[in-house]
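Here is a friendly walk through one model, from its cysteines to its sheets and cores. Please keep the viewer open as you read.

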Amino acid sequence: MNEWNNPFPLRRDRSNLIRYPANALPPILRDIAFAVSESTSTDVAMAGTALISALSYCFSGVYRMSGKYDHTEPLVIDALTIAEPSFKKSPVISAIKRPYVQFTHDWNEQNKTDIFRCKAERKILESQLTALEKKDDVTANEIADLQTKVSNIQDNNFRRIVVDDVTPEALVRLLYENKSLLMISDEAGMLGNFNGRYSNNIPNLDLILKSYNGKTYISDRVGRDSITLKRPYVSICLACQPYVFNSMINNTAFRGSGLIARLIYCFPQSNIGCRKYDTQPMPKNVAENYQHLIYKLLHKKFTYSDENEIYLHFEGKAFKEFVDYYNNFIEKNLLTEMAFCRDWGGKYHGLILRICGIIHCVKCELDDKNPAEVHVSLDTLCSAIEIANYYREQAIFAYGQGDIDIATIKAERVIEKIKSKNIYQIRQNDLYKICRCTLFKNAQDFNETAEMLEEYGYIRRETVKTEGSNRSGIIIYVNPKIYNS
């Protein structure tokens with residue numbers, strides 16, 4: 001038997017993609033990303049992606065990054081991490097989410113007296129209004145005056161930051177009460193709620209789409225008052241398994257609406273098989289610094305009362321560099337590498353602006369400066385481009401997954417079976433029996449997959465005669481190098 005070569009990848013090999021540039025993050029974020037990666041023995045890209053998306057919540061509705069006079073972007077990042085069940089998505093997401101959950105609890109505890117007082121005042125006035133309307137001698141002016149007093153009471157509810165499994169109807173109510181939310185979970189199944197899971201398969205993506213840019217949303221439903229959301233924002237930070245992503249990338253509603261183009265993607269590198277149990281736990285000071293930073297940012301967000309967003313601007317050199325990068329790279333790249341994800345590529349320069357704004361605001365917080373009084377520097381732009389370029393490659397890879405045909409999926413299933421059974425040599429009929437499932441109609445269908453695997457270098461086949469018979473069969477020899485990949 002001749003020496004084996006490495007098999008040709010059935011899909012684009014993600015191991016050739018650039019590594020996540022965690023060093024481009026500001027200090028405290030960089031520290032927590034590496035600490036989470038170390039303690040969970042995962043690719044730092046998972047923690048970095050969750051960080052940048054969750055952090056965007058802290059600035060949504062407060063700041064916008066200005067590219068030029070007629071182009072600004074809110075600091076909202078929607079992210080999706082795609083990884084197998086054993087990639088430890090849950091502990092990574094939990095570590096990033098923890099201070100947001102704790103801050104919500106602490107804030108509500110500290111402000112519950114004011115919240116109850118506000119509710120009581122409203123209830124008293126509403127009772128007075130009901131009683132007043134029943135009087136025979138009441139005037140329209142008296143009713144109008146009391147109604148005005150009721151409407152002037154500022155809504156003061158228990159705050160929510162994190163949402164997990166939420167329906168479109170519940171999201172409207174939560175955004176009405178909170179203005180912005182962080183949808184963070186290690187499962188992306190909740191997006192099915194917006195794809196018609198509870199509405200006779202009729203997609204309801206309008207609010208999710210508008211909350212990416214803070215566009216006004218009006219909900220008119222029979223049986224309840226009209227609700228107007230002036231500037232709703234939802235930062236999405238989800239993780240899912242590959243089969244969920246495959247259904248999303250090929251979903252007409254998700255693809256056609258532009259939802260797929262709004263997401264940044266992370267396909268983390270695998271280190272399964274060489275992970276250690278006794279990893280370095282997260283240093284206490286790193287966790288405390290991260291929580292302290294998030295608490296400071298959230299406190300400023302919760303106490304920001306201005307209806308208008310604050311605009312951030314580039315310094316001269318940074319603006320010139322951004323214009324040059326757009327004209328000489330981004331636009332041309334839409335005809336080459338990003339040609340097959342042009343809808344995503346059309347938002348790429350906006351992504352850079354969003355990441356720029358987030359990094360700028362964090363740097364200013366660490367330096368105790370007001371983000372609005374400091375121009376966004378060239379150094380910040382370079383960091384943002386470095387991070388955004390990682391997501392550009394990930395998006396090209398992600399869109400490529402949507403073009404995978406059934407033949408590739410069948411071949412992958414056979415390889416999985418071979419590896420799970422530790423097979424090096426087997427009769428083709430026996431392998432067919434092991435792999436028999438709804439994917440293969442019959443033995444001929446399986447033979448076509450075997451031919452594909454042989455063509456790609458995963459197996460070699462040899463026709464041999466059955467001992468004591470004139471009938472022949474096929475022996476499959478498995479490339480041993482598949483066990484190293």
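How far is the sulfur of Cys364 from the closest cysteine sulfur, and in which residue is that sulfur? The closest one belongs to Cys361 at 6.6 Å, which is too far for a bond. A search of the whole structure finds zero disulfides, a disulfide being a pair of cysteine sulfur atoms within 2.5 Å. Cys364 counts as buried at 4% relative accessibility, and Cys361 is buried too, with a relative accessible area of 2%. Here buried means under 20% relative accessible area, exposed means over 50%, and partly exposed is in between, using a 1.4 Å probe and protein chains only.

A word on the basis of all this. This is a predicted model, in which local features need pLDDT of at least 70 and side-chain atom pairs count only at pLDDT 80 or more, while totals for chains, interfaces and linings use all residues. Residues are numbered from 1 along each chain as its sequence is written, and side-chain values use heavy atoms, with hydrogens and water left out.

**The parallel sheet and its surroundings**

Five strands make an open sheet with parallel pairing, in the order 4-5-8-3-9. Helices (H or I, at least four residues) and strands (E, at least two) are DSSP runs numbered from the N terminus, and two strands pair if DSSP finds at least two bridges between them. Strand 4 (162-163) and strand 9 are at the edges with a single partner strand each, so one side of each has no neighbour in the sheet. Strand 3 and strand 9 run parallel and are joined by four bridges; one pairing places Leu80 with Tyr265 in strand 9. Helix 5 (residues 168-178) packs on this sheet and touches strand 4, strand 5 (180-185) and strand 8, its direction making about 130 degrees with that of strand 5. Contact means heavy atoms within 4.5 Å; axes are lines fitted to C-alpha atoms, for helices over the stretch in contact, and angles run from 0 to 180 degrees between N-to-C directions.

Tyr265 turns up again in the interior. Together with Tyr100, Tyr265 touches the most other members of the largest nonpolar core, which has 121 residues. Such a core is a set of buried Ala, Val, Leu, Ile, Met, Phe, Trp, Tyr and Cys residues joined through side-chain atoms within 4.5 Å. Beyond its neighbours within four places in sequence, Tyr265 contacts residues including Leu80, Ile82, Phe245, Trp344 and Tyr399. Another core lies apart, with 21 residues, among them Ile418, Leu439, Phe446 and Val478. In soluble globular proteins, nonpolar side chains tend to be buried together.

Phe245 also belongs to helix 7 (residues 242-249), whose buried residues are Val244, Phe245, Met248 and Ile249. They are on the same side of helix 7, because they cover an arc of only 130 degrees around the axis, taken from the directions from the helix axis to the C-beta atoms. Their cover includes strand 3 (78-82), strand 8 (233-240), strand 9 (263-266) and helix 14 (378-401).

**Strand 1 and its two partners**

Strand 1 (residues 63-68) has five of its six residues buried, so the rest of the structure largely encloses it. Strand 1 runs parallel to strand 10 (residues 310-312), joined by three bridges, with Tyr63 opposite Ile310. Strand 1 also pairs with strand 2 (residues 71-74), antiparallel over four bridges, and these two form a hairpin with two residues between them.

**The antiparallel sheet**

Three strands form an open sheet in the order 11-13-12, paired antiparallel. Its edge strands are strand 11 (425-427) and strand 12 (459-465), each pairing on one side only. Seven bridges join strand 12 to strand 13 (residues 472-478), and Lys465 has Ser472 as its bridge partner. Helix 16 (residues 428-435) packs on the sheet, touching strand 11, strand 12 and strand 13, and makes about 90 degrees with strand 11. Helix 17 (residues 443-455) lies across strand 12 and strand 13, at about 125 degrees to strand 12.

**Two positive phi values**

Two residues other than glycine have a positive phi, as listed here.

| Residue | Phi | Loop | Relative accessibility |
|---|---|---|---|
| Ser41 | near 55 degrees | between helix 1 (27-40) and helix 2 (44-59) | 11%, buried |
| Asn422 | near 55 degrees | between helix 15 (406-420) and strand 11 | 48%, partly exposed |
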